[in-house]
Amino acid sequence: MAEFEDQGVSLTALAVAAGRAVETSRPDPLVRDPFAAALVEAAHSHVDFPTAWPPNPEAVSPLQQPLLLASIYIGVRTRFIDDFLESAPATGQTVVLGAGLDTRTHRLSWPAGSRVFEIDHANVLDFKADVLARLSSPPSCELITLAADLSEPWRALLLALGFDPGKPTTWVLEGLLPYLDSAAQLAVLTEVLALSAPGSRAVIERAVPLPKTEDFEAKLREFSLQTGLPMSQLLARADPPNPEELLTAAGWRCTGHTVQDLCERYGRTLSLRPVDAAGRVEPAPQRPTDHSRGGFVTAWRS
Ligand SMILES: C[S@@+](CC[C@H](N)C(=O)[O-])C[C@H]1O[C@@H](n2cnc3c(N)ncnc32)[C@H](O)[C@@H]1O
């Protein structure tokens, strides 16, 4: 069984899986990921990730509070992208860039003949494959994995695995761009454009420029110390390209979605505080992760 590399950017994949485990355990889950808790357990991480929604979220330890709060965001994000993938018209091939421990290949039911390419670091993909092989029957899609560094050229590797740039593709960029510097983000988005036949579509979680203030750095360091997640080292700081502008300039039809739009759509509030009957909640204290959420772009090439 492949060991989970319990550090660096791989750890962010585990944090997201933990968020989906917490969401799945809620009485009103937006998403049911039956593999998420098992992935967290099998990783034996040094970080004490929560995998269940506690009876009183405000009473959990300071370490777990930011992780629980993040799970609310992860639930909303996962559901939004699930809904995008399940909306018509589907494409025969899908590429998930920075797939991490996302289990959509096994969770969703795919139209017959679907091919899903997942790209990430080898250690993340190998670990996930081993755990899923133990827990699940093969997925309803054809899953093709590509171990690659997305900050280096990857087009030839994808083509060698049978990706067909002449056919429409669905692209998923979820939780990836904030970890790439701006040149690598631009290179990835440029490749998405170059490899997209008419009829392609994309869902992209945007990165935002992070403030370069001492106050923000201190909050990031505090978050990293509290949670064990080294976000202060991992998040790219440079000004990122704007995917909506790039895709629109290339003739794609784009729609922007703020995090608030998604929270309203799915009836969630990014707070651990109880919501009153009118859906109001006291403002929660600002956390560093709030600054790293750039919203989403959905886009179609006609
Ligand atoms: C926050 S996780 C998100 C994973 C997944 N998309 C999800 O939402 O569950 C970020 C993922 O991007 C991957 N990643 C970051 N930088 C990468 C790079 N340069 N090349 C390949 N994968 C990368 C990490 O390994 C990790 O799995």
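How far does a polar side-chain atom of Arg20 lie from an oxygen atom of the ligand? The answer is 2.9 Å, and the notes below start from there.

Before that, some ground rules: this is a predicted model, where local features need pLDDT of at least 70 and side-chain atom pairs count only at pLDDT 80 or more, while totals for chains, interfaces and linings use all residues. Residues are numbered from 1 along each chain as its sequence is written, and side-chain values use heavy atoms, with hydrogens and water left out.

1. **Around the ligand.** The ligand is surrounded by 21 residues, the closest being Gly98, Asp120, Asp149, Leu150 and Glu174 (a residue is near a molecule or strand if one of its heavy atoms lies within 4 Å of it). For Asp120, an N or O atom in the side chain is 2.6 Å from an oxygen atom of the ligand. Arg77 also has a polar side-chain atom 2.9 Å from a ligand oxygen.

2. **Glu174 and Arg104.** Glu174 is worth a second look, as its side chain meets that of Arg104 in a salt bridge, 3.0 Å from N to O (a salt bridge is a side-chain nitrogen of Lys or Arg within 4 Å of a carboxyl oxygen of Asp or Glu). Glu174 sits in the loop between β4 (169–173) and α7 (182–194) and Arg104 in helix α4 (residues 104–107), so the pair ties together parts that are 70 residues apart in sequence. For the element names, helices (H or I, at least four residues) and strands (E, at least two) are DSSP runs, numbered from the N terminus. Glu174 and Arg104 are both buried; buried means under 20% relative accessible area, exposed over 50%, and partly exposed in between (1.4 Å probe, protein chains only).

3. **More salt bridges.** How many salt bridges are there by this rule? The count comes to 17. One of them joins Glu142 and Arg115, whose closest N and O atoms are 3.1 Å apart. This pair links distant parts of the chain, with Glu142 in strand β3 (residues 142–147) and Arg115 in strand β2 (residues 115–120), 27 residues apart. Glu142 is partly exposed because its relative accessibility is 41%, and Arg115 is partly exposed too, at 24%. There is also a network: salt bridges that share partners join Arg77, Asp82, Asp102, Arg104, Arg107, Glu174 and Glu205.

4. **Arg26.** Which side chain meets that of Arg26 in a salt bridge? The partner is Asp28, at 3.4 Å from N to O. Arg26 has 14% relative accessibility and so counts as buried, whereas Asp28, at 40%, is partly exposed. Arg26 also lies over the face of Trp53, 4.3 Å from the ring centre (a charge sits over a ring if NZ of Lys or CZ of Arg is within 6 Å of the ring centre and within 35 degrees of the ring normal).

5. **Aromatic pairs.** The whole structure holds six aromatic pairs. Rings of Phe, Tyr and Trp (its six-membered ring) pair if their centres lie within 6.5 Å; planes under 30 degrees apart count as stacked, over 60 as edge-to-face and the rest as tilted. Phe84 and Trp300 make a tilted pair, 5.8 Å centre to centre with 55° between the planes. Here Phe84 belongs to helix α3 (residues 64–86) and Trp300 to strand β7 (residues 296–300), 216 residues apart. Phe84 is buried at 6%, while Trp300 is partly exposed at 23%. Phe163 and Trp171 are tilted as well: 5.7 Å between centres and 50° between planes. Phe163 and Trp171 share one aromatic cluster with Phe117 and Trp154. Back at Phe84, Arg201 lies over the ring face, 5.0 Å from its centre.

6. **Thr169.** Is Thr169, a residue of strand β4, buried or exposed? Thr169 counts as buried because its relative accessibility is 0%. Its side chain makes a polar contact with that of Gln93, at 3.1 Å (a pair of N or O atoms within 3.5 Å; within protein, one must be able to donate a hydrogen and the other to accept it, and residues adjacent in sequence count only if both atoms are side-chain atoms). Leaving out residues up to four places away in sequence, Thr169 touches several others, including Phe163 and Arg201 (contact means heavy atoms within 4.5 Å).
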